[in-house]
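Open the structure in your viewer and keep the selection tool handy. We will go from one stop to the next, picking residues as we go.

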Amino acid sequence: EDRDPPDSHRGKTDPDWTTIPDLGNVNLTSSSKSVYLPDYVAVRIRNLNVSTGKDVLATVYFGKPHADQGLYIDNIWVSYTSFLEFDTSGVSSYIGAYVFTRVDYGSIIGRIGFYDKELGRRAAKSQYWGYGWYRISVDKYREWNPPMVPEPSAYGAALLGLGLGAVVLNRRRVKKARTGSALGAVPV
């Protein structure tokens, strides 16, 4: 049975925003695909916009080691071609990472997932948490496999490898042709 652990956030009204570090608006794009949360117990992002490109993954890294960390996001927008992953490897366990939002994101929840060093990639689920907050949490029973498109640097490395391979093959062929004609072989 999938039951969330008892949570101190449940049933609380708005947190005291004056005591929570505010990252403001965060835009994850093709040139900036990740954000690392500072090592605070709670962090706020007012607007998280993800538009990384076709089938490219954006990542939010949790950062408070060996403790719980709550992330309050007023609004999340993930373009219909992008994917968002919350990497909880920075906290002691995936159950120590909390993501709360103001809107039910049922329509985009399929493009949001979690990564945990023990569980691997898991799907996200959304549930009403009370007092205007929804919680996006790990669905530990469902794997999440977003389509991964290599970064442009990976394409460059692959093309460089193919180009070097072609040069080596061409040199061998030229060397073999020269060696054969030096022995009196007649080219056909």
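This tour of a predicted model starts at a strand and then moves to cores and aromatic rings.

**Stop 1: strand 5.** Select residues 69–78, which make up strand 5. Of these 10 residues, 8 are buried, so the strand is largely enclosed by the rest of the structure. Now add residues 42–51, strand 3, which runs parallel to strand 5 and is joined to it by 8 bridges. Within this pairing, look for valine 43 opposite leucine 71. Next bring in strand 7, residues 97–101, which also pairs with strand 5 in the parallel sense, over 5 bridges. Here tyrosine 72 has phenylalanine 100 as its bridge partner.

**Stop 2: the nonpolar cores.** Show Leu28, Leu48, Val60, Leu71, Leu84, Phe86 and Ile136 as sticks; they have the most contacts inside the largest nonpolar core, a set of 29 residues. Several strands each supply at least two residues of this core, including strand 1 (25–29), strand 4 (57–61), strand 6 (83–87) and strand 8 (112–116). Centre the view on leucine 48: leaving aside neighbours within four places in sequence, its contacts include Val26, Leu28, Val60, Ile73 and Trp77. Another core, of 7 residues, lies apart from the largest one, and Tyr72, Tyr98, Trp129 and Trp133 are among its members.

**Stop 3: the aromatic cluster.** Select Trp17, Tyr72, Tyr98, Phe100, Trp129 and Trp133, which form one aromatic cluster. How do the rings of tryptophan 17 and tyrosine 72 meet, edge-to-face or stacked? Their planes stand at 90 degrees with the centres 5.7 Å apart, so this pair is edge-to-face. Tryptophan 17 lies in the segment before strand 1 and tyrosine 72 in strand 5, so the pair ties together parts 55 residues apart in sequence. Color by accessibility if you can: tryptophan 17 is partly exposed at 24%, while tyrosine 72 is buried at 8%.

Stay on tyrosine 72 and turn to tryptophan 133, with which it forms another edge-to-face pair, 5.3 Å centre to centre and 70 degrees between the planes. This pair links strand 5 to strand 10, across 61 residues. Tryptophan 133 is buried, with 4% relative accessibility.

**Stop 4: charges over rings.** Finish by showing two arginines. The charged end of arginine 44 sits over the ring of tryptophan 17, 4.1 Å from the ring centre. Arginine 102 places its charged end over the ring of tryptophan 133, at 4.0 Å from the centre.

Notes:
Residues are numbered from 1 along each chain as its sequence is written. This is a predicted model: local features need pLDDT of at least 70, side-chain atom pairs count only at pLDDT 80 or more; totals for chains, interfaces and linings use all residues. Side-chain values use heavy atoms; hydrogens and water are left out. Buried means under 20% relative accessible area, exposed over 50%, partly exposed in between (1.4 Å probe, protein chains only). Helices (H or I, at least four residues) and strands (E, at least two) are DSSP runs, numbered from the N terminus. Two strands pair if DSSP finds at least two bridges between them. A nonpolar core is a set of buried Ala, Val, Leu, Ile, Met, Phe, Trp, Tyr and Cys residues joined through side-chain atoms within 4.5 Å. Contact means heavy atoms within 4.5 Å. Rings of Phe, Tyr and Trp (its six-membered ring) pair if their centres lie within 6.5 Å; planes under 30 degrees apart count as stacked, over 60 as edge-to-face and the rest as tilted. A charge sits over a ring if NZ of Lys or CZ of Arg is within 6 Å of the ring centre and within 35 degrees of the ring normal.
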